[in-house]
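I opened a fresh notebook page for a structure I had not looked at before. Here is what I looked up, in the order I did it.

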Amino acid sequence: MSQDASISLEQGAEAPPPRDYRVAMPESWERIVLNPQTWDAAIAHITDKQFKGQDNVPHIKAQLRESLRQQAAQALENGGLELYLSLMIVGGLPLPASLVVTFIPPRGDTAPPALEDLAMAYAADGDDVGMITLPTGPALRRKWQELPDPGRQMGNNRPVSHLDIQLAVPNSHAFLMLSFSTPMFEVAEALDGLFESIASTLRWVR
C-alpha cells in the first residue's frame, strides 16, 4: 500500500468528529477526486496509462473516457467523495475493480440506526451481510450482486459483484461507505480479501 487519500468531513455533532480520513491503496490503483472541474485530467491520465503504447485505438479510448465520466458523475450524485480504479494486471490480463468512498451525512438531529440494526435489516431482506471489526472499530459488511448496464459499462453484460463496508463516523450521526465492485465474477471471492485489506487501512484524522 502506498497511496494516501484524504477528503475533509463535515462536522455533525456537538463533539467534533474527525476532520478527515486516510486510506492506503495499492500502487496499481488510480484515484479520481469526484469534482467535475478536475476529474477530466485524472480520467485522461488513466486512459493514457491503460492504453500506453497503443496509438491506434482512439475510438476505444474515447469510449473509456466517457464511461469513466459517467461512473464518476453517478458516484458524485450518490454522495461520493472519490473513486479509485484498479489497473492491476494478473497473468497478462487486466483485473478491473473499483472503490467509491461515499460520505453519508446526518439527517438533521435524528440519530441514525446502529450498524448492527442496519445489518439485521439487510439480513432480513436476504442479503449476505454481517459485522466485522476494523482497526477503526465495528463496520457493516454487505455483499451483493447486480446486473450491469451495458450502456454505462462499455458493453459489459455480466453480473457485477459488490462489497460495501460501512463505518460510523465517530462523534457524529454520519457514516462513511467504502463500496468495492468488480465485473470479474469468477474472482470476486478472491478479491474480497484485497478489498477488506484496503478497508483495514482506513484511519481517522483528528
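My entries follow, beginning with the ground rules.

**Ground rules.** This is a predicted model, in which local features need pLDDT of at least 70 and side-chain atom pairs count only at pLDDT 80 or more, while totals for chains, interfaces and linings use all residues. Residues are numbered from 1 along each chain as its sequence is written, and side-chain values use heavy atoms, with hydrogens and water left out.

**Whole protein.** I counted four helices and 12 strands. Helices (H or I, at least four residues) and strands (E, at least two) are DSSP runs, numbered from the N terminus. Of the 206 residues, 42% are buried; that means under 20% relative accessible area, with exposed over 50% and partly exposed in between (1.4 Å probe, protein chains only). I also looked up the exposed area: about 11,000 Å², with 52% of it supplied by carbon and sulfur atoms. Accessible areas come from the Shrake-Rupley method with a 1.4 Å probe, and for residues only the protein chains shown count as cover. Then I checked contacts (heavy atoms within 4.5 Å). Among those between residues at least 6 apart in sequence, 58% join residues at least 24 apart.

**Strand E11.** How many of the residues in E11 are buried? I found eight of eight, across residues 175-182. In a regular strand, side chains alternate between the two faces of the sheet. I went through both faces of E11: Phe175, Met177, Ser179 and Ser181 are buried on one side, and Leu176, Leu178, Phe180 and Thr182 are buried on the other.

**Partners of E11.** Two strands pair if DSSP finds at least two bridges between them. E7 (residues 98-104) runs antiparallel to E11 and is joined to it by seven bridges; Val100 has Ser179 as its bridge partner there. E10 (residues 160-168) is antiparallel to E11 too, with eight bridges, and Leu167 stands opposite Leu176. E10 and E11 make a hairpin with six residues between them, and I noted that Asn171 in the turn has a positive phi of about 60 degrees.

**Further along.** I followed the pairing on from E10 and found seven bridges to E9, again antiparallel, with Arg142 partnered by Asp164 in E10. E9 (residues 137-146) also pairs antiparallel with E8 (residues 128-134) over seven bridges. Met131 has Leu140 in E9 as its bridge partner, and just two residues lie between E8 and E9 in their hairpin.

**Two residues of E7.** Val101 sits in E7 and counts as buried because its relative accessibility is 0%. Beyond residues up to four places away in sequence, Val101 touches Tyr21, Gly80, Leu81, Glu82, Leu176, Met177 and Leu178. I also checked Gly79, 22 residues from Val101 along the chain: their C-alpha atoms are 8.6 Å apart. Thr102 is in E7 as well; at 10% relative accessibility, Thr102 is buried. Leaving out neighbours within four places, the contacts of Thr102 include Asn78, Gly79, Phe175 and Leu176.

**A pocket.** Which residues are closest to the centre of the second largest pocket? That pocket holds about 240 Å³ of space. Of its 14 lining residues, Ile104, Arg107, Pro112, Pro113 and Phe175 are closest to the centre. For the terms, on a 1 Å grid over the protein atoms alone, a pocket is an open set of points where a 1.4 Å probe fits, with protein on both sides within 12 Å along at least five of seven lines, and lining residues have an atom within 4 Å of a point.

Key. Points joined across faces, edges and corners; volume = space filled by probe spheres on them.
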